[in-house]
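I opened this notebook to keep track of what I looked up, beginning with how the parts of the protein meet and ending with the surroundings of the ligand.

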Amino acid sequence: MDLSDRPRAHLGVWPTPLQDVDGLWMKREDLSGFGFGGNKVRKLEFLLGAAVARGQRRVVTFGALQSNHVRATAAACARLGLHLDAIAVQAVPRTDADYTGSGNAFLTELFGATRHVVADDDAAGALALELMAEHGDDLAVILPGGSDRIGVLGHVDTALELYSQLEFDPHEIVVAASTCGTMAGLVIGLAAAEVDTVVRGVCVYHSLEQTEAQLRDLLAQASDELGVPVPDDDRWVLDDSQLGDGYGIPSPAGLAEIHRLATTRGIALDPVYTAKAYAALPGDPELRRRTVFLHTGGGPSLFAYRSALG
Ligand SMILES: Cc1ncc(COP(=O)(O)O)c(C=O)c1O
């Protein structure tokens with residue numbers, strides 16, 4: 001599958017490393033090399049590449065107050081000379097200064113975005129409509145998490161890159177699943193490479209049913225975009241075992257993994273996404289050896305969760 005004719009803004013440093021971490025293969029998308037890294041950089045290369053090709057000069061996007069996606073979009077817009085309106089939704093029941101003002105919230109403003117804090121999705125939608133009416137075709141709308149038929153292409157690229165780095169076909173790739181663009185791209189890319197590897201999406205945002213509906217929709221849209229068949233259902237599995245008390249609320253198992261990996265390997269997981277996905281990895285060493293963990297980043301939100309980690 002060739003993505004080279006797609007408009008692409010060059011932001012990250014590729015390939016990201018594939019490392020052996022205690023007998024587990026870890027693909028380090030946290031080290032994607034731009035704007036504090038993470039899985040949003042590849043999506044933004046395609047999303048903002050398309051916006052620049054359309055001649056757009058303004059962007060609006062959405063996310064929680066500690067959204068990694070919004071922070072990475074702010075950095076990318078700064079690099080590309082685009083103005084970002086970042087709509088920050090109070091999706092997590094936290095009003096303390098660590099959550100509202102540090103980590104990604106702080107970085108989004110540092111990168112020069114105009115940040116609008118709103119109470120809920122309805123208010124976010126209303127504000128986006130106002131901006132669309134005001135700026136018309138000059139405004140690129142980037143959906144939450146950068147997950148649409150174009151954003152998914154970023155992680156088709158991850159799958160193809162990973163496949164070129166591996167010397168064996170893994171049993172599973174484990175990844176946090178929120179808006180599902182990352183997972184959908186991996187599934188499509190691995191199907192295109194004809195690798196019999198299952199992608200395990202660990203739900204961290206919505207229920208299993210809602211996550212599945214979102215994933216199916218993205219698989220259909222991105223397959224259509226690429227002109228390939230929709231991958232078979234046996235290429236992916238969703239796992240809601242780590243959702244705990246819900247989005248943005250750390251789980252005891254995840255916090256334990258953050259401490260363990262930080263103190264034994266110097267690797268930072270984040271409490272919202274990667275720690276929960278990491279906690280879903282198989283314990284059996286044989287199975288672990290045949291598993292790839294996609295480290296999708298999220299480190300900046302650690303500052304917003306320092307009281308849970310102290
Ligand atoms: C650190 C991190 N990991 C994983 C994800 C999940 O990616 P996706 O929204 O594509 O499912 C996100 C997205 O918000 C994220 O910020």
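Before counting anything I fixed the term: a salt bridge here is a side-chain nitrogen of Lys or Arg within 4 Å of a carboxyl oxygen of Asp or Glu. By that rule I found four salt bridges across the interface of domain 1 and domain 2, and I kept in mind throughout that the model is predicted.

Entry on the domains. I took the bounds from the domain assignment, which gives domain 1 as 18-39 + 149-309 and domain 2 as 42-146. I then looked up the distance between their C-alpha centres, which is 23 Å.

Entry on the interface. I noted that 29 residues of domain 1 are in contact with 25 residues of domain 2, and that the two domains bury about 2,200 Å² between them, with 58% of this area on carbon and sulfur atoms. When I asked which residues of domain 1 contribute most to the area it buries against domain 2, I found F34, Y247 and A304, which supply 23% of it, more than any other three residues.

Entry on polar pairs between the domains. I counted eight residue pairs in polar contact between domain 1 and domain 2, with both residues of each pair at pLDDT 80 or more. I next asked which helix supplies the largest share of the side of domain 1 that touches domain 2, and the lookup returned α6, with six residues. Helices α6 (153-165) and α7 (181-192) each give at least two residues to that side, whose residues I sorted into eleven nonpolar, 13 polar and five charged.

Entry on individual salt bridges. For the whole model the rule gave me 23 salt bridges. I looked at the pair of E45 and R8, whose side chains meet at 2.7 Å, N to O; this pair links distant parts of the chain, since E45 sits in helix α1 (residues 40-53) and R8 in the segment before β1 (18-21), 37 residues apart. I also recorded a salt bridge between the side chains of E29 and R42, again with its N to O distance given as 2.7 Å.

Entry on the ligand. I found 16 residues around the ligand, of which K40, K43, T179, T182 and T296 come nearest. In the side chain of T179 an N or O atom is 2.5 Å from an oxygen atom of the ligand. For C180 I noted a backbone N or O atom 2.8 Å from a ligand oxygen, and for G181 a backbone N or O atom at 3.2 Å from an oxygen atom of the ligand.

Note on methods: Residues numbered from 1 in each chain as written. Predicted model: local features only at pLDDT ≥ 70, side-chain atom pairs only at ≥ 80, totals over all residues. Heavy atoms only, no water. Domains from an automatic or database assignment. Contact = heavy atoms within 4.5 Å. Buried area = accessible area lost by both parts, 1.4 Å probe. Polar contact = N/O pair within 3.5 Å; in protein donor to acceptor, adjacent residues only side chain to side chain. Helix = DSSP H or I, 4+ residues; strand = E, 2+ residues; numbered from the N terminus. Nonpolar A, V, L, I, M, F, W, Y, C, P; charged D, E, K, R; others polar. Near = heavy atom within 4 Å.
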